[in-house]
Amino acid sequence: MLAPTKHRFNVKEYYRMAETGVLRPDARVELLDGQIIDMSPIGPFHGGVTKRLNRFFTSLGKGRWLVAVQDPVQLDEHSEPEPDLMLLKPAGDDYTTRHPRPDDVYLLIEIADASLATDRDIKLPLYGRAGIAEVWIVNIEDETVELYREPHFAGYASKSILRAGDQAKPQAFPDVEVDVAELLN
């Protein structure tokens with residue numbers, strides 16, 4: 001007897017489901033390793049931290065990067081998550097012809113409250129396997145920023161935890177500092 005197998009959706013099928021109405025236009029979902037996953041609602045503090053990071057990185061960018069907020073990144077044929085914020089390599093068309101891919105991402109940030117387990121256990125390994133150079137998880141509950149670097153097939157080789165009093169610096173832009181206490185205030 002054959003064991004049942006799960007169908008893994010690919011990005012093309014995922015978009016086709018949205019186009020045909022299988023997925024509602026207002027559905028808050030993302031494609032993770034071939035599975036369509038419901039996203040947690042965004043609470044006020046989560047939204048506020050996202051806005052702070054957006055304001056901060058936009059004001060300092062000066063053409064060095066493009067800030068993307070809650071936009072998709074196509075990791076591979078079966079994964080297209082929507083992280084809270086990314087610093088992307090500038091593109092002449094501002095990514096109007098395709099979604100960013102791992103090589104386009106300087107820094108990816110997930111802001112985690114109810115989504116912490118999904119961000120750590122499901123998304124982080126996908127980001128590492130895809131080669132995203134650096135991921136931050138802003139852990140609202142513990143009031144920390146988790147920095148992940150050195151991607152590999154199962155996740156990241158390097159993890160640092162920053163707390164109030166520490167400065168988070170993107171690896172690609174070490175002259176830029178995010179004050180953890182100010183971010184999570």
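This passage goes through salt bridges in a predicted model.

A search of the whole structure turns up eleven salt bridges. One of them pairs Arg8 with Asp33, with 2.8 Å between the closest N and O atoms. This contact links distant parts of the chain: Arg8 sits in the segment before helix 1 (11–20), while Asp33 belongs to the loop between strand 1 (29–32) and strand 2 (35–38), 25 residues apart. Neither end is hidden away or fully out in the open: Arg8 is partly exposed, at 41% relative accessible area, and Asp33 is partly exposed too, at 36%.

Helix 1 has a salt bridge of its own. Here the side chains of Arg16 and Glu19 meet, N to O, at 3.5 Å. Both residues lie in helix 1, three residues apart, or about one turn of the helix. Glu19 counts as exposed because its relative accessible area, 59%, is over the 50% cut-off.

Then there is the pair formed by Glu30 and Lys123, whose closest N and O atoms are 2.9 Å apart. Glu30 is in strand 1 and Lys123 is in helix 3 (residues 116–130), so this salt bridge ties together parts that are 93 residues apart in sequence. Both partners are buried: Glu30 has a relative accessible area of 3%, and Lys123 likewise comes out at 3%. Those values put the two residues in the buried class because the cut-off is under 20%. The pair doesn't stand by itself, either: Glu30 and Lys123 are linked with Glu110 and Asp119 in a network of salt bridges.

Notes. Residues numbered from 1 in each chain as written. Predicted model: local features only at pLDDT ≥ 70, side-chain atom pairs only at ≥ 80, totals over all residues. Heavy atoms only, no water. Salt bridge = Lys/Arg side-chain N within 4 Å of Asp/Glu carboxyl O. Helix = DSSP H or I, 4+ residues; strand = E, 2+ residues; numbered from the N terminus. Buried < 20%, exposed > 50% of the residue type's maximum accessible area, 1.4 Å probe, protein only.
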